[in-house]
Amino acid sequence: QGYMRDDQLLLSGDKDFYEVEETILDHGREVRLITRKLALRHSDGCLGGLIGLGFDITEKKHIEEELRQANDRMEEGIRLRTEELALANALLQEEIAERLKAHQAIKLILDSISAILIVLDADGQVTHWGNAAHLSFGMSLGEVVGRRFAQLPLAWGWNEVANGLATCRETGQAVKLSSVWYE
């Protein structure tokens, strides 16, 4: 009766094409069907007949559902991972802020030392130039940081300083030079 009712829509001329999707039971198993019908007309416009095709789309619908579920799982995984990354980013931002505070505190301590304090990296480049070094040699932090220490125009006891640096490199320990002359 349903198919005949669908045919009547086409036979009446109200529609030239009709498509319906439905689920039926076939020996206790649900089957998804799609039925497409088309009115065939003669060149003068008179109805000449109907063509109807039915397709079993059960497997297609099953695959679509599996894809939808897989997509939902993937989106949930992405959502969870995004939350994890946001939390990790917030923790990193906190750690950066704490390290910046610690760095500023260390810089304040180093700058308050009244002795000439110069820090070099493993390549012999200046990484810290204390206030006493600035006052004693008239060279600012911006002028010396990143430059090779041995190439700085300092008028002082380079032999004592070079020996101190060599000892520091050999032992891996800080070296304090108490009596270095300078101009």
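Glu-83 has a relative accessible area of 43% and is partly exposed. The model that contains this residue is predicted.

## Salt bridges

The partner of Glu-83 is Arg-79, and the two side chains form a salt bridge with an N to O distance of 2.4 Å. Arg-79 is likewise partly exposed, at a relative accessible area of 37%. Both residues belong to helix α2, where a spacing of four residues puts about one helical turn between them. Elsewhere, Glu-21, Arg-32, Lys-60, Lys-61 and Glu-64 are joined into one network by salt bridges that share partners.

Over the whole structure, the search returns 13 salt bridges. The table lists some of them.

| Basic residue | Acidic residue | N to O distance |
|---|---|---|
| Arg-79 | Glu-83 | 2.4 Å |
| Arg-41 | Asp-16 | 3.0 Å |
| Lys-61 | Glu-21 | 3.2 Å |

The salt bridge between Arg-41 and Asp-16 has an N to O distance of 3.0 Å. Arg-41 is part of strand β2 (residues 29-41), while Asp-16 sits in the loop between α1 (2-11) and β1 (17-26), so this pair ties together parts that are 25 residues apart in sequence. Arg-41 is partly exposed at 35% relative accessibility, and Asp-16 is partly exposed at 42%.

In the pair of Lys-61 and Glu-21, the closest N and O atoms are 3.2 Å apart. Here helix α2 (residues 58-112) provides Lys-61 and strand β1 provides Glu-21, a link between distant parts of the chain that are 40 residues apart. The relative accessibility of Lys-61 is 21%, and because buried means under 20%, Lys-61 counts as partly exposed. Glu-21, at 36%, is also classed as partly exposed.

## Nonpolar core

Thirteen is not the count of salt bridges alone: the largest nonpolar core has 13 residues. Those with the most contacts inside this core are Ile-118, Val-126, Trp-129, Phe-149, Leu-152, Leu-154 and Trp-156. At least two residues of the core come from each of β5 (126-129) and α3 (131-137).

What does Leu-152 touch beyond its neighbours within four places in sequence? Its contacts there are Val-126, Trp-129, Met-139, Val-144, Arg-147 and Trp-158. Two of these partners, Val-126 and Trp-129, are also listed among the core residues with the most contacts.

## Pockets

The largest pocket has a volume of about 870 Å³. It is lined by 24 residues, of which Ile-116, Leu-117, Ile-118, Val-175 and Leu-177 are the closest to its centre. The elements giving two or more residues to this lining are β4 (118-120) and α5 (158-171). Helix α5 has the largest share, with five residues. Sorted by class, the lining holds 18 nonpolar, three polar and three charged residues. Ile-118 thus appears in two settings, as a residue close to the centre of the largest pocket and as one of those with the most contacts inside the largest nonpolar core.

The second largest pocket encloses about 150 Å³ of space. Its lining consists of His-103, Ile-106, Lys-107, Leu-110, Thr-127, His-128 and Leu-141. Two or more of these residues come from each of α2 and β5. The largest share, four residues, is that of α2. The class breakdown is three nonpolar, three polar and one charged.

## Two individual residues

His-128, one of the lining residues of the second largest pocket, lies in strand β5. Is His-128 buried or exposed? Its relative accessibility is 11%, and it counts as buried. Apart from neighbours within four places in sequence, His-128 contacts Leu-110, Asp-111, Leu-117, Ile-118, Val-119 and Leu-141. Among these contacts, Leu-110 and Leu-141 also line the second largest pocket, whereas Leu-117 and Ile-118 are listed among the residues closest to the centre of the largest pocket.

Leu-9 is located in helix α1. With 30% relative accessibility, Leu-9 is partly exposed. Its contacts, leaving out neighbours within four places in sequence, are Asp-14, Lys-15 and Tyr-18. The C-alpha atom of Leu-9 is 9.7 Å from that of Ala-39, a residue 30 places away along the chain.

How values were computed. Residues are numbered from 1 along each chain as its sequence is written. This is a predicted model: local features need pLDDT of at least 70, side-chain atom pairs count only at pLDDT 80 or more; totals for chains, interfaces and linings use all residues. Side-chain values use heavy atoms; hydrogens and water are left out. A nonpolar core is a set of buried Ala, Val, Leu, Ile, Met, Phe, Trp, Tyr and Cys residues joined through side-chain atoms within 4.5 Å. Buried means under 20% relative accessible area, exposed over 50%, partly exposed in between (1.4 Å probe, protein chains only). Contact means heavy atoms within 4.5 Å. A salt bridge is a side-chain nitrogen of Lys or Arg within 4 Å of a carboxyl oxygen of Asp or Glu. On a 1 Å grid over the protein atoms alone, a cavity is a set of points where a 1.4 Å probe fits but cannot get out, and a pocket is an open set with protein on both sides within 12 Å along at least five of seven lines; lining residues have an atom within 4 Å of a point. Grid points are joined across faces, edges and corners, and a volume is the space filled by probe spheres set on the points. Ala, Val, Leu, Ile, Met, Phe, Trp, Tyr, Cys and Pro count as nonpolar, Asp, Glu, Lys and Arg as charged, and the others, Gly among them, as polar.
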